[in-house]
Amino acid sequence: MMREKRIMNKCLTLFLTFFRIGIFTFGGGYAMIGIIEDICVERKKWISHEDMMNITVIAESTPGPIAINCATFVGYKQAGVMGAVVATFGVVLPSFVLIFLISKYLVHFMDMPVVSGAFQGIKAGVGIIIVNAAINMIKKMKDKKKKIPQVIIWCSFGIMLVVNIFSWNVSTISLMLTAAVVGLGIFLIKEADKGGKGR
Amino acid sequence: MMYLELFFAFFKVSCFAFGGAYGAIPLIREMVLSHGWLNDESLTYMIAVSESTPGPIMVNLATYIGSEKGGFWGAVIATVGVILPAYLIVLLITALMKNFIKNKYVQAILQGVKPCVTGIILATGVFMVVKNCLCIDGIWELDIRAVGITVALAGCMVILKKVRKKNISPITIILISALLGIVLY
(Lines give C-alpha, C1' and ligand atoms only; values in the text may rest on other atoms or scores of the structure.)
Protein backbone atom coordinates (compact mmCIF):
# COMPACT_ATOMS: atom_id res chain seq x y z
CA MET A 1 0.00 0.00 0.00
CA MET A 2 2.69 2.47 1.04
CA ARG A 3 4.69 1.71 -2.08
CA GLU A 4 1.71 2.18 -4.35
CA LYS A 5 0.94 5.50 -2.74
CA ARG A 6 4.52 6.65 -3.20
CA ILE A 7 4.46 5.77 -6.87
CA MET A 8 1.13 7.58 -7.30
CA ASN A 9 2.62 10.69 -5.70
CA LYS A 10 5.70 10.47 -7.87
CA CYS A 11 3.55 10.16 -10.98
CA LEU A 12 1.53 13.20 -10.01
CA THR A 13 4.71 15.27 -9.49
CA LEU A 14 6.09 13.98 -12.79
CA PHE A 15 2.91 14.90 -14.62
CA LEU A 16 2.76 18.43 -13.17
CA THR A 17 6.46 19.05 -13.80
CA PHE A 18 6.35 17.92 -17.41
CA PHE A 19 3.08 19.74 -17.97
CA ARG A 20 4.91 22.93 -16.94
CA ILE A 21 7.87 22.06 -19.15
CA GLY A 22 5.44 21.47 -22.04
CA ILE A 23 3.94 24.94 -21.62
CA PHE A 24 7.30 26.69 -21.84
CA THR A 25 9.05 24.71 -24.55
CA PHE A 26 9.24 26.85 -27.64
CA GLY A 27 11.47 26.33 -30.62
CA GLY A 28 11.93 22.58 -30.56
CA GLY A 29 13.95 20.04 -28.67
CA TYR A 30 17.24 21.82 -28.00
CA ALA A 31 15.53 24.46 -25.88
CA MET A 32 13.83 21.69 -23.98
CA ILE A 33 17.19 20.15 -23.14
CA GLY A 34 18.06 23.41 -21.37
CA ILE A 35 14.78 23.45 -19.44
CA ILE A 36 14.98 19.78 -18.42
CA GLU A 37 18.60 20.20 -17.29
CA ASP A 38 17.52 23.15 -15.12
CA ILE A 39 14.50 21.45 -13.55
CA CYS A 40 15.30 17.72 -13.45
CA VAL A 41 19.06 17.92 -12.82
CA GLU A 42 19.73 21.20 -10.96
CA ARG A 43 16.53 21.71 -8.96
CA LYS A 44 14.84 18.35 -8.41
CA LYS A 45 17.97 16.20 -8.79
CA TRP A 46 15.94 13.42 -10.42
CA ILE A 47 18.74 12.44 -12.79
CA SER A 48 22.48 13.17 -12.92
CA HIS A 49 24.18 15.42 -15.45
CA GLU A 50 25.81 12.29 -16.87
CA ASP A 51 22.35 10.75 -17.44
CA MET A 52 21.23 13.96 -19.09
CA MET A 53 24.20 13.85 -21.45
CA ASN A 54 23.42 10.22 -22.33
CA ILE A 55 19.76 10.94 -23.03
CA THR A 56 20.73 13.92 -25.18
CA VAL A 57 22.87 11.62 -27.30
CA ILE A 58 20.12 8.98 -27.41
CA ALA A 59 17.47 11.58 -28.32
CA GLU A 60 19.66 12.93 -31.10
CA SER A 61 20.49 9.54 -32.55
CA THR A 62 17.03 7.98 -32.41
CA PRO A 63 14.07 9.16 -34.49
CA GLY A 64 11.17 11.13 -33.10
CA PRO A 65 10.77 14.46 -31.28
CA ILE A 66 13.60 15.10 -28.78
CA ALA A 67 11.12 16.35 -26.18
CA ILE A 68 9.31 13.00 -26.18
CA ASN A 69 12.57 11.06 -25.86
CA CYS A 70 13.62 13.16 -22.84
CA ALA A 71 10.25 13.01 -21.06
CA THR A 72 9.99 9.25 -21.53
CA PHE A 73 13.52 8.75 -20.18
CA VAL A 74 13.12 10.89 -17.04
CA GLY A 75 9.67 9.42 -16.34
CA TYR A 76 10.96 5.87 -16.64
CA LYS A 77 13.94 6.57 -14.36
CA GLN A 78 11.62 8.01 -11.71
CA ALA A 79 8.68 5.63 -11.75
CA GLY A 80 9.06 2.90 -14.36
CA VAL A 81 6.76 2.43 -17.34
CA MET A 82 3.90 4.23 -15.57
CA GLY A 83 6.15 7.23 -14.98
CA ALA A 84 7.21 7.24 -18.64
CA VAL A 85 3.57 7.32 -19.76
CA VAL A 86 2.67 10.09 -17.31
CA ALA A 87 5.65 12.32 -18.15
CA THR A 88 5.14 11.93 -21.91
CA PHE A 89 1.42 12.64 -21.56
CA GLY A 90 2.17 15.70 -19.42
CA VAL A 91 4.67 17.19 -21.85
CA VAL A 92 2.30 16.83 -24.81
CA LEU A 93 -0.97 17.89 -23.17
CA PRO A 94 -0.52 21.71 -23.11
CA SER A 95 0.34 22.00 -26.78
CA PHE A 96 -2.33 19.46 -27.73
CA VAL A 97 -5.06 21.50 -26.06
CA LEU A 98 -3.72 24.77 -27.47
CA ILE A 99 -3.35 23.52 -31.05
CA PHE A 100 -6.76 21.85 -30.95
CA LEU A 101 -8.39 25.10 -29.83
CA ILE A 102 -6.49 27.07 -32.49
CA SER A 103 -7.54 24.71 -35.27
CA LYS A 104 -11.17 24.86 -34.19
CA TYR A 105 -11.69 28.44 -33.04
CA LEU A 106 -8.69 30.70 -33.74
CA VAL A 107 -8.29 30.67 -37.49
CA HIS A 108 -6.43 33.99 -37.45
CA PHE A 109 -4.14 33.05 -34.57
CA MET A 110 -0.95 34.25 -36.25
CA ASP A 111 -2.45 37.65 -37.14
CA MET A 112 -3.05 38.60 -33.52
CA PRO A 113 -0.52 41.33 -32.58
CA VAL A 114 0.02 39.99 -29.06
CA VAL A 115 0.89 36.55 -30.42
CA SER A 116 3.29 37.72 -33.10
CA GLY A 117 4.96 40.19 -30.70
CA ALA A 118 5.39 37.59 -27.98
CA PHE A 119 6.79 35.14 -30.50
CA GLN A 120 9.34 37.65 -31.82
CA GLY A 121 10.58 38.10 -28.25
CA ILE A 122 10.54 34.38 -27.48
CA LYS A 123 12.76 33.67 -30.50
CA ALA A 124 15.50 35.74 -28.83
CA GLY A 125 14.96 33.94 -25.52
CA VAL A 126 15.09 30.48 -27.07
CA GLY A 127 18.43 31.16 -28.76
CA ILE A 128 19.93 32.23 -25.44
CA ILE A 129 18.58 29.17 -23.62
CA ILE A 130 20.14 26.85 -26.21
CA VAL A 131 23.53 28.60 -26.13
CA ASN A 132 23.43 28.49 -22.33
CA ALA A 133 22.61 24.76 -22.34
CA ALA A 134 25.60 24.09 -24.60
CA ILE A 135 27.93 26.21 -22.44
CA ASN A 136 26.82 24.27 -19.35
CA MET A 137 27.60 21.02 -21.14
CA ILE A 138 31.11 22.22 -21.98
CA LYS A 139 31.71 23.44 -18.42
CA LYS A 140 30.61 20.15 -16.90
CA MET A 141 32.81 17.97 -19.08
CA LYS A 142 34.75 15.60 -16.86
CA ASP A 143 38.14 15.67 -18.51
CA LYS A 144 38.68 19.26 -19.53
CA LYS A 145 42.40 18.77 -20.05
CA LYS A 146 42.01 16.14 -22.74
CA LYS A 147 42.42 17.66 -26.16
CA ILE A 148 40.42 15.28 -28.34
CA PRO A 149 36.92 16.08 -26.98
CA GLN A 150 37.69 19.80 -27.32
CA VAL A 151 38.75 19.32 -30.93
CA ILE A 152 35.57 17.34 -31.67
CA ILE A 153 33.38 20.03 -30.05
CA TRP A 154 34.83 22.87 -32.08
CA CYS A 155 34.98 20.91 -35.33
CA SER A 156 31.30 19.93 -35.04
CA PHE A 157 30.49 23.50 -34.05
CA GLY A 158 32.25 24.90 -37.11
CA ILE A 159 30.76 22.37 -39.53
CA MET A 160 27.22 22.82 -38.17
CA LEU A 161 27.52 26.61 -38.32
CA VAL A 162 28.62 26.55 -41.97
CA VAL A 163 25.88 24.02 -42.81
CA ASN A 164 23.28 26.29 -41.18
CA ILE A 165 24.51 29.48 -42.83
CA PHE A 166 24.41 28.03 -46.34
CA SER A 167 21.34 25.89 -45.51
CA TRP A 168 23.06 22.79 -46.84
CA ASN A 169 21.26 19.53 -46.57
CA VAL A 170 23.63 17.75 -44.17
CA SER A 171 21.90 15.77 -41.44
CA THR A 172 23.22 15.83 -37.90
CA ILE A 173 23.15 12.04 -38.03
CA SER A 174 26.00 11.86 -40.55
CA LEU A 175 28.05 14.21 -38.37
CA MET A 176 27.37 12.09 -35.28
CA LEU A 177 28.24 8.88 -37.14
CA THR A 178 31.58 10.42 -38.10
CA ALA A 179 32.20 11.35 -34.46
CA ALA A 180 31.27 7.81 -33.39
CA VAL A 181 33.82 6.38 -35.81
CA VAL A 182 36.45 8.82 -34.52
CA GLY A 183 35.69 7.85 -30.91
CA LEU A 184 35.90 4.15 -31.67
CA GLY A 185 39.03 4.61 -33.78
CA ILE A 186 40.89 6.45 -31.01
CA PHE A 187 39.88 3.77 -28.52
CA LEU A 188 41.10 0.96 -30.77
CA ILE A 189 44.42 2.73 -31.40
CA LYS A 190 44.92 3.17 -27.64
CA GLU A 191 44.07 -0.49 -27.04
CA ALA A 192 46.53 -1.58 -29.70
CA ASP A 193 49.19 0.66 -28.11
CA LYS A 194 48.63 -0.86 -24.69
CA GLY A 195 48.69 -4.34 -26.20
CA GLY A 196 51.98 -3.57 -27.96
CA LYS A 197 53.64 -2.28 -24.78
CA GLY A 198 52.27 -5.16 -22.74
CA ARG A 199 54.16 -7.65 -24.84
CA MET B 1 -10.25 4.39 -42.28
CA MET B 2 -9.17 8.01 -42.07
CA TYR B 3 -8.04 7.38 -38.49
CA LEU B 4 -5.89 4.41 -39.46
CA GLU B 5 -4.36 6.34 -42.34
CA LEU B 6 -3.55 9.27 -40.03
CA PHE B 7 -2.02 6.98 -37.46
CA PHE B 8 0.24 5.09 -39.83
CA ALA B 9 1.25 8.19 -41.79
CA PHE B 10 2.49 9.97 -38.65
CA PHE B 11 3.96 6.81 -37.16
CA LYS B 12 6.02 6.38 -40.32
CA VAL B 13 7.19 10.01 -40.40
CA SER B 14 8.26 9.82 -36.76
CA CYS B 15 10.25 6.63 -37.40
CA PHE B 16 12.35 8.45 -39.98
CA ALA B 17 12.65 11.86 -38.31
CA PHE B 18 16.14 12.09 -36.91
CA GLY B 19 17.51 15.13 -35.10
CA GLY B 20 14.34 16.98 -34.30
CA ALA B 21 11.58 18.74 -36.16
CA TYR B 22 13.51 20.54 -38.86
CA GLY B 23 14.45 17.24 -40.42
CA ALA B 24 10.86 16.07 -40.17
CA ILE B 25 9.11 19.01 -41.81
CA PRO B 26 10.03 18.01 -45.40
CA LEU B 27 8.85 14.44 -44.65
CA ILE B 28 5.53 15.70 -43.26
CA ARG B 29 5.08 18.04 -46.22
CA GLU B 30 5.62 15.24 -48.70
CA MET B 31 3.26 12.91 -46.83
CA VAL B 32 0.46 15.47 -46.47
CA LEU B 33 0.66 16.57 -50.09
CA SER B 34 0.81 13.02 -51.46
CA HIS B 35 -2.31 12.06 -49.47
CA GLY B 36 -3.96 15.23 -50.76
CA TRP B 37 -4.93 16.17 -47.20
CA LEU B 38 -4.08 19.87 -47.39
CA ASN B 39 -2.78 22.34 -49.94
CA ASP B 40 0.69 23.80 -49.69
CA GLU B 41 -0.49 27.18 -48.45
CA SER B 42 -2.48 25.95 -45.46
CA LEU B 43 0.36 23.58 -44.58
CA THR B 44 2.84 26.47 -44.53
CA TYR B 45 0.50 28.36 -42.20
CA MET B 46 0.24 25.32 -39.92
CA ILE B 47 4.02 25.01 -39.76
CA ALA B 48 4.23 28.67 -38.70
CA VAL B 49 1.61 28.11 -35.98
CA SER B 50 3.38 24.94 -34.78
CA GLU B 51 6.65 26.81 -34.49
CA SER B 52 5.19 29.70 -32.51
CA THR B 53 3.19 27.65 -30.01
CA PRO B 54 4.83 25.72 -27.19
CA GLY B 55 5.57 22.04 -27.51
CA PRO B 56 7.53 19.89 -29.96
CA ILE B 57 6.93 21.16 -33.51
CA MET B 58 6.36 17.71 -34.94
CA VAL B 59 3.75 16.88 -32.30
CA ASN B 60 2.00 20.22 -32.84
CA LEU B 61 1.83 19.63 -36.58
CA ALA B 62 0.41 16.15 -36.05
CA THR B 63 -2.25 17.49 -33.69
CA TYR B 64 -3.13 20.29 -36.11
CA ILE B 65 -3.35 18.13 -39.24
CA GLY B 66 -5.18 15.38 -37.35
CA SER B 67 -7.71 17.85 -36.00
CA GLU B 68 -8.33 19.38 -39.44
CA LYS B 69 -8.85 15.99 -41.05
CA GLY B 70 -10.58 14.00 -38.31
CA GLY B 71 -11.74 16.31 -35.52
CA PHE B 72 -10.84 15.56 -31.90
CA TRP B 73 -10.14 11.87 -32.37
CA GLY B 74 -8.15 12.58 -35.51
CA ALA B 75 -5.97 14.91 -33.43
CA VAL B 76 -5.53 12.30 -30.69
CA ILE B 77 -4.67 9.52 -33.12
CA ALA B 78 -2.20 11.54 -35.19
CA THR B 79 -0.50 12.76 -31.99
CA VAL B 80 -0.21 9.24 -30.58
CA GLY B 81 1.16 8.07 -33.93
CA VAL B 82 3.94 10.65 -33.89
CA ILE B 83 4.84 10.04 -30.22
CA LEU B 84 4.78 6.24 -30.15
CA PRO B 85 8.05 5.41 -31.99
CA ALA B 86 10.14 7.80 -29.88
CA TYR B 87 8.46 6.54 -26.71
CA LEU B 88 9.01 2.86 -27.46
CA ILE B 89 12.61 3.29 -28.60
CA VAL B 90 13.62 5.21 -25.47
CA LEU B 91 11.86 2.72 -23.22
CA LEU B 92 13.66 -0.14 -24.91
CA ILE B 93 17.07 1.54 -24.73
CA THR B 94 16.61 2.67 -21.11
CA ALA B 95 15.52 -0.77 -20.00
CA LEU B 96 18.60 -2.29 -21.62
CA MET B 97 20.88 0.67 -20.93
CA LYS B 98 22.45 -0.33 -17.61
CA ASN B 99 24.64 -2.91 -19.26
CA PHE B 100 24.63 -1.35 -22.68
CA ILE B 101 26.19 1.93 -21.49
CA LYS B 102 28.94 0.15 -19.54
CA ASN B 103 30.17 -1.73 -22.59
CA LYS B 104 33.66 -0.40 -23.41
CA TYR B 105 32.98 -0.06 -27.12
CA VAL B 106 29.76 1.87 -26.45
CA GLN B 107 31.76 4.06 -24.07
CA ALA B 108 34.36 4.68 -26.76
CA ILE B 109 31.67 5.68 -29.24
CA LEU B 110 30.05 7.97 -26.67
CA GLN B 111 33.43 9.66 -26.08
CA GLY B 112 33.23 10.79 -29.69
CA VAL B 113 29.50 11.47 -29.98
CA LYS B 114 28.98 13.47 -26.75
CA PRO B 115 31.30 16.36 -27.66
CA CYS B 116 29.90 16.25 -31.20
CA VAL B 117 26.32 16.71 -29.93
CA THR B 118 27.52 19.52 -27.67
CA GLY B 119 29.06 21.23 -30.70
CA ILE B 120 25.89 20.78 -32.76
CA ILE B 121 23.72 22.28 -30.02
CA LEU B 122 26.09 25.22 -29.55
CA ALA B 123 26.11 25.89 -33.30
CA THR B 124 22.30 25.71 -33.49
CA GLY B 125 21.94 28.17 -30.60
CA VAL B 126 24.53 30.62 -31.93
CA PHE B 127 23.01 30.50 -35.41
CA MET B 128 19.53 31.14 -33.95
CA VAL B 129 20.72 34.17 -31.97
CA VAL B 130 22.62 35.66 -34.93
CA LYS B 131 19.86 34.99 -37.45
CA ASN B 132 17.28 36.48 -35.12
CA CYS B 133 19.32 39.68 -34.78
CA LEU B 134 20.37 40.05 -38.42
CA CYS B 135 17.46 38.73 -40.43
CA ILE B 136 13.99 40.24 -40.92
CA ASP B 137 11.52 38.18 -42.96
CA GLY B 138 14.28 36.37 -44.80
CA ILE B 139 16.28 39.49 -45.71
CA TRP B 140 19.63 40.18 -44.05
CA GLU B 141 19.08 43.36 -42.12
CA LEU B 142 19.91 44.43 -38.57
CA ASP B 143 16.88 44.04 -36.29
CA ILE B 144 17.55 46.57 -33.52
CA ARG B 145 14.67 45.41 -31.32
CA ALA B 146 15.85 41.79 -31.46
CA VAL B 147 19.40 42.89 -30.61
CA GLY B 148 17.99 44.87 -27.68
CA ILE B 149 16.07 41.90 -26.27
CA THR B 150 19.02 39.55 -26.76
CA VAL B 151 21.51 41.88 -25.05
CA ALA B 152 19.10 42.62 -22.19
CA LEU B 153 18.45 38.92 -21.52
CA ALA B 154 22.06 37.82 -21.85
CA GLY B 155 23.17 40.74 -19.65
CA CYS B 156 20.66 39.86 -16.92
CA MET B 157 21.80 36.26 -16.98
CA VAL B 158 25.52 36.97 -16.74
CA ILE B 159 25.10 39.61 -13.99
CA LEU B 160 22.86 37.37 -11.86
CA LYS B 161 25.29 34.50 -12.25
CA LYS B 162 28.32 36.59 -11.25
CA VAL B 163 26.75 38.66 -8.45
CA ARG B 164 24.25 36.33 -6.81
CA LYS B 165 25.64 32.99 -8.01
CA LYS B 166 22.15 32.14 -9.19
CA ASN B 167 20.94 30.82 -12.51
CA ILE B 168 17.79 32.32 -13.99
CA SER B 169 15.52 29.46 -14.96
CA PRO B 170 14.87 29.10 -18.69
CA ILE B 171 11.14 29.45 -17.96
CA THR B 172 11.74 32.94 -16.53
CA ILE B 173 13.75 33.81 -19.64
CA ILE B 174 10.86 32.73 -21.89
CA LEU B 175 8.39 34.81 -19.84
CA ILE B 176 10.60 37.93 -19.88
CA SER B 177 11.35 37.59 -23.60
CA ALA B 178 7.65 37.19 -24.44
CA LEU B 179 6.81 40.32 -22.42
CA LEU B 180 9.60 42.33 -24.04
CA GLY B 181 8.38 41.12 -27.44
CA ILE B 182 4.79 42.24 -26.77
CA VAL B 183 6.00 45.66 -25.60
CA LEU B 184 8.52 46.26 -28.39
CA TYR B 185 6.83 44.80 -31.48
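Among contacts in chain B between residues at least 6 apart in sequence, 46% join residues at least 24 apart. Keep in mind that this is a predicted model. Burial adds to the picture of this chain: of its 185 residues, 44% count as buried.

**Chain B as a whole**

Seven helices and two strands make up the secondary structure of chain B. Going along the sequence, their order is α-α-α-α-α-β-β-α-α. With a radius of gyration of 20 Å, well over the 16 Å that the globule rule gives for 185 residues, chain B is more spread out than a compact globule. The C-alpha trace of chain B spans about 60 × 50 × 30 Å along its principal axes.

**Where chain B meets chain A**

The contact between the two chains involves 78 residues of chain B and 86 residues of chain A. On the chain B side, the elements that give two or more residues are α1 (2-16), α2 (21-35), α3 (40-52), α4 (57-102), α5 (104-134), α6 (144-164) and α7 (170-184). Of these, α5(B) provides the largest share, 24 residues. Here is how that side of chain B divides by class:

| Class | Residues on the side of chain B that touches chain A |
|---|---|
| Nonpolar | 52 residues |
| Polar | 24 residues |
| Charged | two residues |

**A closer look at α3(B)**

What span should the 13 residues of α3(B) have at 1.5 Å a residue? The expected value is 18 Å, and the end C-alpha atoms of α3(B) are 19 Å apart, which agrees. The buried residues of this helix are M46(B), V49(B), S50(B) and S52(B). They pack against α4 of chain B, and also against α4 (66-105) and α5 (113-139) of chain A.

**The nonpolar core and chain A**

As general background, nonpolar side chains tend to be buried together in soluble globular proteins. In this model, the largest nonpolar core holds 110 residues, and M32(A), I36(A), C70(A) and I130(A) touch the most other members. The element that gives the most to this core is α4(A), with 19 residues.

Which residues is C70(A) in contact with, leaving aside its neighbours within four places in sequence? They are M32(A), I33(A), I36(A), I55(A) and A59(A). Two of the residues named for the core, M32(A) and I36(A), thus appear among the contacts of C70(A).

Finally, chain A is divided into domain 1 (2-140) and domain 2 (142-199). The centres of these two domains, taken over C-alpha atoms, are separated by 28 Å.

Conventions. Residues are numbered from 1 along each chain as its sequence is written. Chains are lettered from A and ligands numbered from 1 in the order in which they are written. This is a predicted model: local features need pLDDT of at least 70, side-chain atom pairs count only at pLDDT 80 or more; totals for chains, interfaces and linings use all residues. Domain bounds come from an automatic or database domain assignment. Two residues are in contact if their C-beta atoms, placed from the backbone, lie within 7 Å. Helices (H or I, at least four residues) and strands (E, at least two) are DSSP runs, numbered from the N terminus. Ala, Val, Leu, Ile, Met, Phe, Trp, Tyr, Cys and Pro count as nonpolar, Asp, Glu, Lys and Arg as charged, and the others, Gly among them, as polar. The radius of gyration is taken over C-alpha atoms; the globule rule is 2.2 Å times the number of residues to the power 0.38. A residue is buried if 20 or more other C-beta atoms lie within 10 Å of its own, exposed if 12 or fewer, and partly exposed in between; C-beta atoms are placed from the backbone. The expected span of a helix is 1.5 Å times one less than its number of residues. A nonpolar core is a set of buried Ala, Val, Leu, Ile, Met, Phe, Trp, Tyr and Cys residues joined through C-beta atoms within 7 Å.
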